[in-house]
Structure formats: structure tokens, C-alpha cells
Amino acid sequence: MLNVLKKWRGRDDEPSSVGYSASMRDLVADLHYEIVPMKSIDQAIEDLPAGAHVSVTCSPAKGIAATQEYTEQLIELGHRPVPHFSARLVEGPEHVAELATWLRDRKVPEVFVIAGDAAEPAGPYEGALPFIRDLLAADPGVDRVGITGYPDGHAMIDDAEIARQLHAKQAVLAEAGVGGWVSTQMCFDEAKIRSWLVAERAAGLTLPVQLGVPGVVDRARLMTMGTRLGIGASMRYLAKNRSTVMQMMAPGGFDPTDMVIAFADDARQLGIEALHSFTFNSVADTRAWQEAIVNGVVEE
């Protein structure tokens, strides 16, 4: 396993295990794994803990059908999958109806909706908001719909429009009587995440937040897959603040411990309900980190 579990990096005078706060252990215990439909996904699924919360992303290359296929596989294995639907890959009203029927027939309680990274939309949906409206109108039978938050901004959309869209989506869900949550895009800047959360709460955001953090990921995979999977803003932060981010890197990989500690004690006050882990399919190492934190053990 990657040597990323030692909290007191570089300090030989500290004990080899620590007692994490109850809030830290509770937050890490409810870790939601994100996996990506690509060659390594079969091993990632095999490495999941029993009954895991697990998001299945939707890529332009694989399409929504692959997300549905893996979601069905995860249901059969006893996990709690959340399929991601990319609005820009939806072909039109008939496709919306098919997706709603699929969700309803399989009793999928939660779905996550993004605009997606397809260069050209396959149908009428440029962004997530109009697709969410049509999906809810088609009666998908879901209890909650997840939407995206951007503490680090978006490369193609200005901050004011991002905020407007976020609150408009919250209003659409409320009008439909459907619950929801906001999952934040990966961001390495703890101060920026906190200021974004505080500002959005003050502006009327009431949906719970799932805090997006990197899993225990090899630094090369984090850099290459992060760029490929649409987190360019965070990659730009990393490039500008390399020395700061590298402090979070143990030999071999990213260690999310300090980032989570920064939010654990006031997670409830900030409305953070869970962690969303961008594993990039490095599930085994991320699971080992989770179990070590929950059990209060830190590797030498």
C-alpha cells in the first residue's frame, strides 16, 4: 500500500497511532467512492468495501450506457451505486423517458446530474438544469438528485453564472419535492473551499454538501487523470502552489488526511454530510486509508 497513512510525517518522536476525533472518524466512515468506467474499473469494484456508497462517472468516451451497465453490476453486488448522467450526452425527450424508466424500474434512489465534458451536445441539453427539469417531469422515482458545486470555479463559466445555476437547481428540486445534495469538484485549497461554503450558505444554499477530496492516489495518476477528467481548475491551483500541495503528498501518493481534518470538527455546522472521494479507481489504497482512520491507526 502507498505509504500515506502516517499523519506525523517526518517526526520520529510521535506515536505510531493517534486518536482521531469522533467527528473525523464519523466523516471518514461515510466515505463515498467515485469510480471511472475505464480499464481499471473491474479491479476498483473488486476492492470496494461491502455495501459501499459508490458513484459511477459518465464520460464522453464510454457514454451513459456504460454508467448504467456498471450501476446494475454494483446493485447485484450489494453496493449502493449513484449513476452520473451527463446532460450533454442525452439525445432528447425519448432518451430522458428511457433514463427515467431505467431509474424507476431498478429502484435507484439517487442520481447525480452534470452538464458533462462532451464538446458538442448529443441533443438539446447544453447544461444540467434543463435536463434535471425534464428528468423530474418524467418521474424517475428517485429520492435525491445530486448537483455539482465549484469552489475552485469553472474554466468555461463565470462565477456569477455558476452561483445562479446552483441556486436554480436547488429551486427546481424543491418545487418537485425531491431531495438533493451538492458534491464539490476537487479542490486543493482548503481556505477557498471554506469561503465558498460560507458564502453559498449565506446566499441561501440549504442542500447538504458532499465534500470532494482526492483519494489515496499515486501522484502521476492524480495529475494525468485529473487533467483528463475535467478538473483543470484544480490542476492550475496545483501548478501555482506546487510546494503547498506537495506537502500533502507522502512518498508515492496524495494523503487526504489533513484536508479532512480541516473540515471534520465543524462539518455539521457547514452542512457537510459526507466525503466524496475521487479515487481515480485507486480504491484499495483509499479503502485502507479509510479503515486506518476509522480504527485510529496510522502506519509507520
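Axes here are lines fitted to C-alpha atoms, for helices over the stretch in contact, and the angles between N-to-C directions run from 0 to 180 degrees. With that in hand, helix α7 can be placed: it lies across β5, β6, β7 and β10, running at about 165° to β7. Please keep in mind that this is a predicted model.

**The barrel**

Let's start with the overall arrangement of strands. Eight of them close into a barrel in the order β1-β2-β3-β4-β5-β6-β7-β10, with parallel pairing. From one strand to the next, the twist averages 30°.

Three of the strand pairs are set out here.

| Strand pair | Bridges | Facing residues |
|---|---|---|
| β4 (residues 110-114) and β5 (residues 144-149) | three | Val-111 and Val-145 |
| β6 (residues 179-184) and β7 | two | Val-182 and Val-209 |
| β7 and β10 (residues 272-278) | six | Val-213 and Ser-277 |

**Strand β7 and its surroundings**

Strand β7 covers residues 209-214, and six of its six residues are buried. In a regular strand the side chains alternate between the two faces of the sheet. In β7, Val-209, Leu-211 and Val-213 point one way, while Gln-210, Gly-212 and Pro-214 point the other way. How does the chain get from β6 to β7, and what is the hand of that crossover? The path goes through helix α7 (residues 190-202), and this β-α-β crossover is right-handed.

On the β10 side of β7, His-276 is a good residue to look at, as its place is in strand β10. His-276 counts as buried because its relative accessibility is 3%, and the cut-off for buried is under 20%. Leaving out residues up to four places away in sequence, His-276 touches Gln-210, Leu-211, Gly-212 and Val-213, as well as His-32, Glu-34, Ser-55 and Ser-183.

**Helix α5 and the nonpolar core**

The largest nonpolar core has 75 residues, and Ile-35 and Phe-131 have the most contacts inside it. Helix α5 (residues 128-137) gives the most to this core, with six residues. Beyond its neighbours within four places in sequence, Ile-35 contacts a set of residues including Ile-41, Ala-44, Ile-45, Val-54, Val-56, Leu-74 and Val-283.

What does α5 touch on the sheet? The helix packs against β3, β4 and β5, and its direction makes about 150° with that of β4. Leu-136 is found in α5 and is buried, with a relative accessible area of 16%. Apart from neighbours within four places in sequence, Leu-136 is in contact with Val-145, Val-172, Leu-173, Ala-176 and Val-178. Leu-136 and Ala-176 are 40 residues apart along the chain, yet their C-alpha atoms are separated by 7.1 Å.

**Helix α3**

Helix α3 (residues 63-76) has 14 residues and reaches 21 Å from its first C-alpha to its last, close to the 20 Å expected at 1.5 Å a residue. Which residues of α3 are buried? They are Gly-63, Ile-64, Ala-66, Thr-67, Gln-68, Tyr-70, Thr-71 and Leu-74. Among the elements covering the buried residues of α3 are strands β1 (31-35), β2 (53-56) and β3 (80-86), along with helices α2 (41-47) and α4 (93-105). Leu-74 also appears among the contacts of Ile-35. After α3 comes Gly-78, whose phi is positive, near 90°.

How values were computed. Residues numbered from 1 in each chain as written. Predicted model: local features only at pLDDT ≥ 70, side-chain atom pairs only at ≥ 80, totals over all residues. Heavy atoms only, no water. Buried < 20%, exposed > 50% of the residue type's maximum accessible area, 1.4 Å probe, protein only. Helix = DSSP H or I, 4+ residues; strand = E, 2+ residues; numbered from the N terminus. Pairing = 2+ DSSP bridges. Right-handed = clockwise from strand over helix to strand, strands pointing away. Expected span 1.5 Å × (residues − 1). Contact = heavy atoms within 4.5 Å. Core = buried A, V, L, I, M, F, W, Y, C linked by side-chain atoms within 4.5 Å.
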